[in-house]
Amino acid sequence: MVITLKRREGMTHDEFTHYQRNIHRPLLMSIPEAQQYIRRFVVSYPVPAPNCPEPDYDSVVEAWFDTMDDLNAFYFCENFLKTVDPDHENFIDLHSFGRIICEEEVVVG
């Protein structure tokens, strides 16, 4: 799954990054289901890129699961729904995030 995130209104990119790294991520990783179901978890942040437009997002998250059942078990477990999900509103613009459930096709590498 790939998720694109924008910071909530009134928050700087640095505040967003700090919150995501130091508050939200430890909360996410503290639930037992994170260790049970997530196989790989990558967060990418934009960097200065001369001659390129400003980024549309403040971060892109890749969450890897072995099966669709594992993805569903994680995102619909009580710990995620009651502990992790409510925290999203503290740093994410919930009206502008994007999500795609996908299968990777390696072209080079």
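This passage goes through the overall build, the nonpolar core, the two main pockets and two individual residues of a predicted model.

Starting with the broad picture, the protein has four helices and four strands. Read from the N terminus, these elements come in the order β-α-α-β-β-α-α-β. The C-alpha trace covers about 40 × 40 × 25 Å along its principal axes. Of the 109 residues, 30% count as buried. The accessible surface adds up to about 7500 Å², and carbon and sulfur atoms hold 51% of it. As for how the chain meets itself, take the contacts with a separation of 6 or more: 72% of them are between residues 24 or more positions apart.

Next comes the inside. The largest nonpolar core has 23 residues, and Phe16, Ile31, Phe65, Phe74, Tyr75 and Phe80 are the ones with the most contacts inside it. Two or more residues of this core come from each of S1, H1, helix H2 (32–37), S3, H3 and H4. Phe80 is worth a closer look. With neighbours within four places in sequence set aside, Phe80 is in contact with Leu28, Ile31, Phe74, Tyr75, Asp85, Pro86 and His88. Among these partners, Ile31, Phe74 and Tyr75 also appear in the list of core residues with the most contacts.

Phe80 turns up again in the pockets. The largest pocket holds about 500 Å³ of space. It is lined by 25 residues, and Ile3, Tyr75, Phe80, Asp85 and His88 sit closest to its centre. Tyr75, Asp85 and His88 are also among the contacts of Phe80. Several elements share the job of lining this pocket: strand S1 (2–5), helix H1 (13–30), strand S2 (38–44), strand S3 (59–65), helix H3 (68–75) and helix H4 (78–84) put in at least two residues each. H1 gives the most, with four residues. Sorted by class, the lining comes out as 18 nonpolar, four polar and three charged residues.

The second largest pocket has about 340 Å³ of space. Its lining is made of 15 residues, with Met1, Ala63, Phe65, Cys102 and Glu103 closest to the centre. Phe65 is also one of the residues with the most contacts inside the largest nonpolar core. Here S3 and H3 each bring at least two residues to the lining, and S3 gives the most, with four. By class, this lining has nine nonpolar, one polar and five charged residues.

That leaves two residues to look at one by one. Arg99 belongs to strand S4 (residues 98–100). Arg99 counts as exposed because its relative accessibility is 52%, and the cut-off for exposed is over 50%. Even so, Arg99 has partners from the other end of the numbering: residues up to four places away aside, Arg99 touches Met1, Val2 and Ile3. Arg99 and Ile3 are 96 residues apart in sequence, yet their C-alpha atoms are 4.4 Å apart in space. Ile3 is also one of the residues closest to the centre of the largest pocket, and Met1 has a matching place in the second largest pocket.

Asn51 lies in the loop between S2 and S3. Most residues other than glycine have a negative phi. Asn51 is not a glycine, but its phi is positive, at about 70°. Asn51 is exposed as well, since its relative accessible area is 84%.

Note on methods
Residues are numbered from 1 along each chain as its sequence is written. This is a predicted model: local features need pLDDT of at least 70, side-chain atom pairs count only at pLDDT 80 or more; totals for chains, interfaces and linings use all residues. Side-chain values use heavy atoms; hydrogens and water are left out. On a 1 Å grid over the protein atoms alone, a cavity is a set of points where a 1.4 Å probe fits but cannot get out, and a pocket is an open set with protein on both sides within 12 Å along at least five of seven lines; lining residues have an atom within 4 Å of a point. Grid points are joined across faces, edges and corners, and a volume is the space filled by probe spheres set on the points. Ala, Val, Leu, Ile, Met, Phe, Trp, Tyr, Cys and Pro count as nonpolar, Asp, Glu, Lys and Arg as charged, and the others, Gly among them, as polar. A nonpolar core is a set of buried Ala, Val, Leu, Ile, Met, Phe, Trp, Tyr and Cys residues joined through side-chain atoms within 4.5 Å. Buried means under 20% relative accessible area, exposed over 50%, partly exposed in between (1.4 Å probe, protein chains only). Contact means heavy atoms within 4.5 Å. Accessible areas come from the Shrake-Rupley method with a 1.4 Å probe; for residues, only the protein chains shown count as cover.
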